[in-house]
Amino acid sequence: MPDDKDIPSAYVKDKRTPTESREELRARIPGWGVDLDPADRPSNHRLHYAPDTTGAHWDFPERQPEKWPREHSIEHAFVTPVFGTAQPPKGLSGVIRKFSYARYGEARLGHWLLLILADRVDAWEEHLRSFATTRPDNPITETGVKAEYTHGGLASRKGRVDARHHLLDPLVVAGPWVAAAGGAVLGVRKLVRAVRR
Amino acid sequence: MRAMVYRGPYKIRVEEKPMPVIEHPNDAIVRVTLAAICGSDLHLYHGLMPDTRVGHTFGHEFIGVVEQVGSSVQNLQVGDRVMVPFNIFCGSCWYCARGLYSNCHNVNPNATAVGGIYGYSHTTGGYDGGQSQYVRVPFADVGPVKIPDWMHDEDAVLLTDAAATGYFGAQLGEIAEGDTVVVLGAGPVGLVAAQSAWLMGAGRVMVVDQLEERLAKARSMAHAETFNYTEYDDIVVEMKKQTDHLGADVVIEAVGAEADGSLLQHIAGTKLKLQGGSPIALNWAIDSVRKGGTIGVVGAYGPIPNAVKFGDALNKGLTLNMNQTPVKRQWPRMFEHVRNGYLTPRDMVTHRFPLEDISEAYHVFSAKLDGCIKPLILPSAA
Ligand SMILES: NC(=O)c1ccc[n+]([C@@H]2O[C@H](COP(=O)([O-])OP(=O)(O)OC[C@H]3O[C@@H](n4cnc5c(N)ncnc54)[C@H](O)[C@@H]3O)[C@@H](O)[C@H]2O)c1
Ligand SMILES: [Zn+2]
Ligand SMILES: [Zn+2]
């Protein structure tokens, strides 16, 4: 029979690894054990009925005026009384977003994938629109890559596993631009050929 | 006013935007004096959160001065210095009445599965956030709290999310005296979770990450044992060895959907978007905790499904507790802990950027350059 002491805790009834005493822990760690009693922790119990403590002085909040038909989850009974009014849907991305909200509930993957698609379309629409303004999008300043020089880009990444995917990041950012530039070049060539013919 | 604006994945800039206005009688307008970038903002910045619109202003960690109040506001006055929880909540719905402030049903028309959050896409309600000179604060009588005189502004801004979330994460772990607690992630949230685990009676606290400067902070700030997962062939096996083959009593997952550690999961999740990010940290939590143990998940996951090892969780009889943090519920107790020096959020601030340099700030924080642990944003530098 092996010596019991060689058998790890998991295989016997009690933990073998000694823990420090309360006194030792208190001496070493400021505040050790001040929240020892689970019943006395702020988020105990998860549901704690205390409506009079929230500061609300209404049963149901007054409704914020709805300035356009606010897109909303079909799992809601109505547009919530308060809501954000930032970036109303517009353009093709807006059409996709409104469709996604009107058509699919939150349980449907299609709902979220359409919203992600709309996000990409939105970015493209806005990049294009920006070229017609005095402030076109600038992938150099907007990605903050300048920080690679000012904040030690190379040295900071030494020996890190995530450095591998940092190599992919520029692709994600620049890829579509390069593709678009390539597409534009091809398009112009075709056009030139068509005109020459 | 000047505000940070999203231009598409990995791209942001500062723009001139119209001032926010009172849209509801219980709104306030707050002039932001200090803001921060949260690990959660990176999910937006990387284009992972559905319905993140170009033009959106991020920022859910901010403090400031009340500039204007709506007609029904009773608890705040113009000029009050306030800290604002990252949750937008009404204080009166079924959920708020029961303390689930992060799950409010009256503030987010876009989704029922998540509450309202400042500057966190339309999936959390479509509110512009606080990385800006001014911000609209709905339900001014419910969310904001006047900053106590003794409190440092940097502690106040961190209490609006990162610190409160670390403390909440430790509570979700249901720590009992003497427990061995593993914290995955040594970011701002993980660091405070590790500090908090001791307050709740942990007997041993181990922190896992791969960034040495953060692990060093976990040792100095949270007295934790630290493990760089890149130094082990299999960090889960190491956790078993460390715990006499039991596994940890409690694991706190403070990483979320952009975990590293599996290039395959990373590419499938965050680059190709075939799943809602990479669940590798959550899977490590499931596999590192002992049978019958508890996992507190505060790392953020979006609405798109993930390849989570649910079978292991079932077969091990685990308890998984999780939520967005109901921040204000944490505050009275946390204020005491900060005042007593038991929790020291501002210890983790490494960088302070003027709003005008926010593109660089995001890049530094996202790529974890220059030992960055927590960057603050100073909006009114001008
Ligand atoms: N539930 C909430 O209410 C709430 C609030 C705030 C933040 N969050 C979430 O908490 C998470 C952490 O936030 P943060 O501000 O500390 O972010 P952060 O990005 O600064 O920190 C994450 C840390 O995890 C580390 N990491 C990556 N992969 C890992 C792995 N496989 N194992 C161990 N560590 C790994 C990273 O190196 C990094 O140090 C984020 O997902 C954020 O969205 C949730
Ligand atoms: Zn956050
Ligand atoms: Zn509510």
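These are my notebook entries on chain B, its two zinc sites and a couple of single residues.

**Entry 1: what I am looking at**
I kept in mind that this is a predicted model. I started with chain B as a whole. I found twelve helices and 17 strands in chain B. Along its principal axes, the C-alpha trace of chain B spans about 60 × 45 × 40 Å.

**Entry 2: checking the overall packing**
I wondered what radius of gyration a compact globule with 382 residues would have. The rule puts that value near 21 Å, and chain B has 20 Å, so the two agree. I then looked up burial, and 72% of the 382 residues in chain B are buried. Next came contacts. Taking the chain B contacts with a separation of 6 or more, I noted that 71% are between residues 24 or more positions apart. For the outside, I wrote down an accessible surface of about 10800 Å² for chain B, with 50% of it belonging to carbon and sulfur atoms.

**Entry 3: the zinc ion called ligand 3**
Which residues hold this zinc ion as protein donors? I found Cys90(B), Cys93(B), Cys96(B) and Cys104(B), each using its SG atom, at 2.3 to 2.4 Å from the zinc ion (ligand 3). In sequence these donors follow the spacing C-x2-C-x2-C-x7-C. I also looked up the angles among the four donor atoms, which run from 101 to 117°, and the site is tetrahedral. Two of the cysteines got an extra look: Cys90(B) and Cys96(B) are both buried.

**Entry 4: the zinc ion called ligand 2**
Here the protein donors are Cys38(B) through SG, His60(B) through NE2 and Asp161(B) through OD, lying 1.8 to 2.3 Å from the zinc ion (ligand 2). Their spacing in sequence is C-x21-H-x100-D. I followed the last two donors along the chain and found that His60(B) and Asp161(B) link distant parts of chain B, being 101 residues apart. His60(B) sits in the loop between helix 1 (39-45) and strand 4 (61-69), while Asp161(B) is in the loop between helix 3 (153-159) and helix 4 (162-172). Are these two buried or exposed? I found both His60(B) and Asp161(B) buried.

**Entry 5: annotated stretches**
I went to the UniProt record, an unreviewed entry, for domain names. The record gives "Alcohol dehydrogenase-like N-terminal" for residues 25-145 of chain B. I noted 9% helix and 26% strand in that span, with its end C-alpha atoms 18 Å apart. The unreviewed entry also gives "Alcohol dehydrogenase-like C-terminal" for residues 188-259 of chain B. This second span is 43% helix and 22% strand, and its end C-alpha atoms are 15 Å apart.

**Entry 6: one residue inside**
I picked Val30(B), which lies in strand 3 (residues 28-36) of chain B. Its relative accessible area is 1%, so Val30(B) is buried. Leaving out residues up to four places away in sequence, I found that Val30(B) touches several others, including Val65(B), Val82(B), Tyr134(B) and Val137(B). For scale, I checked Val30(B) against Ala224(B): they are 194 residues apart along the chain, and their C-alpha atoms are separated by 38 Å.

**Entry 7: one residue outside**
For contrast I moved to chain A and picked Lys13(A), in the segment before helix 1 (22-28) of chain A. Lys13(A) counts as exposed because its relative accessible area is 81%. The C-alpha atoms of Lys13(A) and Arg120(A) are separated by 56 Å, with their positions 107 residues apart along the chain.

How values were computed:
Residues numbered from 1 in each chain as written. Chains lettered and ligands numbered in written order. Predicted model: local features only at pLDDT ≥ 70, side-chain atom pairs only at ≥ 80, totals over all residues. Heavy atoms only, no water. Donors = N, O, S within 2.8 Å, 3.2 Å for Na, K, Ca; no water. Tetrahedral: all angles 85-135°; square planar, octahedral: opposite > 155°, others 65-115°. Buried < 20%, exposed > 50% of the residue type's maximum accessible area, 1.4 Å probe, protein only. UniProt positions renumbered as here; feature names shortened; annotations may be inferred. Helix = DSSP H or I, 4+ residues; strand = E, 2+ residues; numbered from the N terminus. Rg over C-alpha atoms; globule rule 2.2 N^0.38 Å. Contact = heavy atoms within 4.5 Å. Areas by Shrake-Rupley, 256 points an atom, 1.4 Å probe, with all protein chains shown as cover.
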